[in-house]
Each structure stands twice: as structure tokens, then as C-alpha cells.
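Reader: I am new to this structure and should like to understand the terms applied to it. Please set each value beside the rule behind it.

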2 protein chains.
Amino acid sequence: MIQDDRDRAILRILQANARITNAELAERVHLSPSACLRRVRALEESGLIRGYTMQLDPKAAGFPGTAFVMIALDQQGRASLDAFEGQVMKHPEILECHLLAGAHDYLVRVAYRDSADLERIHAEILTQLPGVTRVQSTLTLRTVKRTTALPV
Amino acid sequence: MIQDDRDRAILRILQANARITNAELAERVHLSPSACLRRVRALEESGLIRGYTMQLDPKAAGFPGTAFVMIALDQQGRASLDAFEGQVMKHPEILECHLLAGAHDYLVRVAYRDSADLERIHAEILTQLPGVTRVQSTLTLRTVKRTTALPV
DNA sequence: TTTGAAAACCAACCGAA
DNA sequence: TTCGGTTGGTTTTCAAA
């Protein structure tokens with residue numbers, strides 16, 4: 001768990017730059033390197049830190065666009081949801097999948113290389129997921145902001 | 001730019017674990033440490049790599065829920081969009097903001113600590129953004145998948 | 001690709017609150 | 001007892017050969 005503002009400072013810095021050296025991190029939060037490292041390890045052990053990832057520029061990586069897709073299932077039993085979600089996990093084109101409150105639809109975000117690629121993802125992946133009755137895509141014209149940082 | 005499958009392998013590994021040492025990364029892609037480091041540096045220079053971030057567990061960090069919010073503006077001129085987006089960038093509670101095709105609405109994702117916090121974000125932030133005419137929130141019951149990794 | 005100096009890491013230990 | 005600081009051997013980095 002987060003103990004104090006020192007921990008919060010460490011988390012804010014690491015969220016912005018996960019490859020900072022422990023020595024510099026320690027300096028920025030006014031701790032000795034060893035004390036700082038002990039806190040980071042404790043935060044990792046506690047399960048608060050899920051991991052460290054590299055952020056790519058989507059356009060430069062060949063994914064100029066993403067789309068949001070609303071997906072409705074024909075049934076909402078535990079087994080149906082599990083079957084659907086299990087398949088979702090297998091497709092790297094599906095970046096995110098959220099179960100929404102209300103109509104119990106899924107909101108999915110996919111990355112595609114061009115319009116033909118989006119066609120393929122729609123036809124070969126999304127509509128083939130188990131139990132799907134409705135698939136409605138909305139293209140993203142522009143991503144204004146996309147952070148993985150939480151306001152700790 | 002990405003040169004070959006070696007580069008792609010490096011990117012896949014770093015997307016999954018940004019804190020791997022250069023020595024281990026080199027071993028896993030069958031390169032010498034110095035050759036591997038040279039490639040990573042080149043990928044960084046090219047702008048493909050946007051940065052390295054730490055992933056927190058949202059629940060453990062005190063953010064049990066996120067919500068998607070559709071926001072419509074009363075005007076769609078360049079100036080209106082810029083004013084809106086400029087304010088969006090200032091609020092850390094707003095994790096993402098996408099301009100959608102079609103009705104030219106924004107889809108925004110916010111993190112909140114509890115229902116009172118969501119109320120506050122709705123009343124004090126979202127409805128106060130410049131030019132907003134309609135704000136419609138949908139809670140996320142469960143996030144099935146959330147990756148920042150692109151399928152390079 | 002190899003190498004070696006400099007930097008960073010991190011475990012063991014010490015001291016203060 | 002817990003938390004921060006110090007030390008020193010080990011690992012990693014990275015530029016020169």
C-alpha cells in the first residue's frame with residue numbers, strides 16, 4: 001500500500017519515466033539510494049506496481065488509427081461472458097475490452113494498420129467472437145490525450 | 001523506423017518489460033549487448049519509442065473504477081476544439097480523450113476514487129470544460145483487458 | 001565484437017527515532 | 001522495531017579499441 005507522500009512522489013516519477021535510475025529517483029525524492037530502492041521493492045511486492053512498459057508512437061509503429069467498437073452478446077450468463085472474454089485475450093489487435101454498466105455491452109478498442117486491416121479485424125475477429133449479435137465501430141479521428149498514469 | 005524482425009522482437013520484449021537489462025535483452029534477441037543497445041538507441045532517436053512508463057494496479061492505487069464519458073460541444077470550429085482540448089490536458093483525472101468520427105463527439109475516460117469523486121469530476125470538471133453541451137457517463141463494470149502494447 | 005572504466009545496483013550492516 | 005544512511009562487492013552500461 002501507499003504509505004505517505006514520499007511513496008506518491010516515487011509513483012508519479014516512475015509513471016512518467018520508468019527507466020530513471022534508482023540513484024536519480026532517490027535524489028529527486030530526497031532519499032538515499034538504498035532507502036529509495038527499498039520503497040520501490042515494497043511497492044512492487046504489495047502488488048501496487050503491475051509492471052513497466054514501453055510506450056510506442058502508434059503512427060510510427062504502423063498503426064495510424066484506432067477504433068472503438070461496441071459489442072453486444074446474445075446471452076449474459078457467466079459462461080457466455082467467460083467464453084467471449086477468453087477469446088478477446090487471445091487477439092493482440094484488441095487493445096482494450098471493458099464490460100459496461102447498463103446494457104451489459106462490451107466496449108473494445110482495436111488498433112489497425114489501414115482500412116483493409118480494419119475490415120479484416122471486423123470480419124475475421126470481432127464478428128467471430130462467441131455469442132456476438134451486434135458490432136458497431138466508431139473511428140477515432142484523433143487521440144487528444146492518452147496516458148496510463150493515474151493521479152496518485 | 002523498424003528495420004527488421006530483430007527490431008520487432010526488441011519492441012515486443014520492451015513493451016512487456018521495460019526494465020529488462022540490456023544484457024538480458026541482447027541475449028533474448030541473439031545480439032551482443034552493444035549491438036542491442038545501439039538498436040534501442042536508434043529506435044528511441046527515430047521517435048518510435050515515446051517513453052517508458054510504470055503500470056499501476058488501479059484498484060490498489062485507490063481507483064476502483066473508470067468511466068467512459070461522451071462529450072458534445074456546441075461548436076466544432078478549430079478554436080472551440082483547441083480550447084476544449086487545452087483544458088482536457090490540464091486535468092489528470094482525464095486519462096484519455098479521443099475525437100470520434102461521425103457526430104464529432106469526444107470520448108473521454110476518467111478515473112475516480114468513489115461515487116462522490118465521480119460526481120465531483122462530472123460537476124466540477126467535465127461540465128465546466130469550454131463549449132460543452134452534453135455529458136453522458138457510462139460506468140465500467142469490469143476491465144477485461146487493458147494493454148498498451150501494439151501488435152508489432 | 002570485445003573490453004575496461006565508470007556508473008548503478010543492492011544486500012548487509014549501522015544508527016537514530 | 002522500523003526506517004533511513006553508509007559501505008562495498010557485483011552487475012550493468014557504454015564508448016573506445
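Author: A polar side-chain atom of Arg41(A) lies 2.7 Å from a phosphate oxygen of DNA strand C. This is a predicted model, in which local features need pLDDT of at least 70, side-chain atom pairs count only at pLDDT 80 or more, and totals for chains, interfaces and linings use all residues. Residues are numbered from 1 along each chain as its sequence is written, chains are lettered from A and ligands numbered from 1 in the order in which they are written, and side-chain values use heavy atoms, with hydrogens and water left out.

Reader: What makes the pair of Arg41(A) and the phosphate oxygen of DNA strand C a polar contact?

Author: A polar contact is a pair of N or O atoms within 3.5 Å; within protein, one must be able to donate a hydrogen and the other to accept it, and residues adjacent in sequence count only if both atoms are side-chain atoms. The distance for Arg41(A) is 2.7 Å, so the pair falls within 3.5 Å and is a polar contact. Chain B also contributes, for a polar side-chain atom of Ser32(B) lies 2.7 Å from a phosphate oxygen of this strand C. With Ala23(A), a polar backbone atom is 3.0 Å from a phosphate oxygen of DNA strand C.

Reader: Which residues are around DNA strand C?

Author: A residue is near a strand if one of its heavy atoms lies within 4 Å of it. Among those around DNA strand C are Thr21(A), Asn22(A), Arg41(A), Ser34(B) and Arg38(B). Of the atoms of DNA strand C that come within 4 Å of the protein, sugar and phosphate account for 65%.

Reader: How are the residues of the surface near DNA strand C divided by class?

Author: There are three nonpolar, five polar and two charged residues. Ala, Val, Leu, Ile, Met, Phe, Trp, Tyr, Cys and Pro count as nonpolar, Asp, Glu, Lys and Arg as charged, and the others, Gly among them, as polar.

Reader: What contacts does the other strand, DNA strand D, make through its phosphate oxygens?

Author: An N or O atom in the side chain of Arg39(A) is 2.5 Å from a phosphate oxygen of DNA strand D. For Ser32(A), a backbone N or O atom lies 2.7 Å from a phosphate oxygen of that strand D, and for Ala23(B) the corresponding backbone distance is 3.3 Å. Sets of residues around DNA strand D come from both chains, including Leu31(A), Arg38(A), Thr21(B) and Leu37(B). Sugar and phosphate make up 55% of the atoms of DNA strand D that come within 4 Å of the protein.

Reader: Which element gives the largest share of the surface near DNA strand D?

Author: H3(A) does, with four residues. Helices (H or I, at least four residues) and strands (E, at least two) are DSSP runs, numbered from the N terminus. By class, this surface has four nonpolar, five polar and three charged residues.

Reader: How many residues of each chain are in the contact between chain B and chain A?

Author: Chain B gives 61 residues and chain A gives 62 residues, where contact means heavy atoms within 4.5 Å. The area buried between them is about 6100 Å², and carbon and sulfur atoms give 61% of this; buried area is the accessible area (1.4 Å probe) that two parts lose on being put together, summed over both. Arg19(B), Met54(B) and Lys145(B) supply 13% of the area that chain B buries against chain A, more than any other three residues.

Reader: Why is the pair of Arg50(B) and Asp57(A) called a salt bridge?

Author: A salt bridge is a side-chain nitrogen of Lys or Arg within 4 Å of a carboxyl oxygen of Asp or Glu. The closest N and O atoms of Arg50(B) and Asp57(A) are 2.9 Å apart, so the pair meets the rule. Across the interface the rule finds six salt bridges, and there are 43 residue pairs in polar contact (both at pLDDT 80 or more). On the side of chain B that touches chain A, S5(B) gives the most, with nine residues.

Reader: What makes S5 of chain A and S3(B) a pair of strands?

Author: Two strands pair if DSSP finds at least two bridges between them. Five bridges join strand S5 (residues 132–146) of chain A to S3(B), so the two strands pair. They run antiparallel, and Arg142(A) stands opposite Leu99(B) in S3(B).
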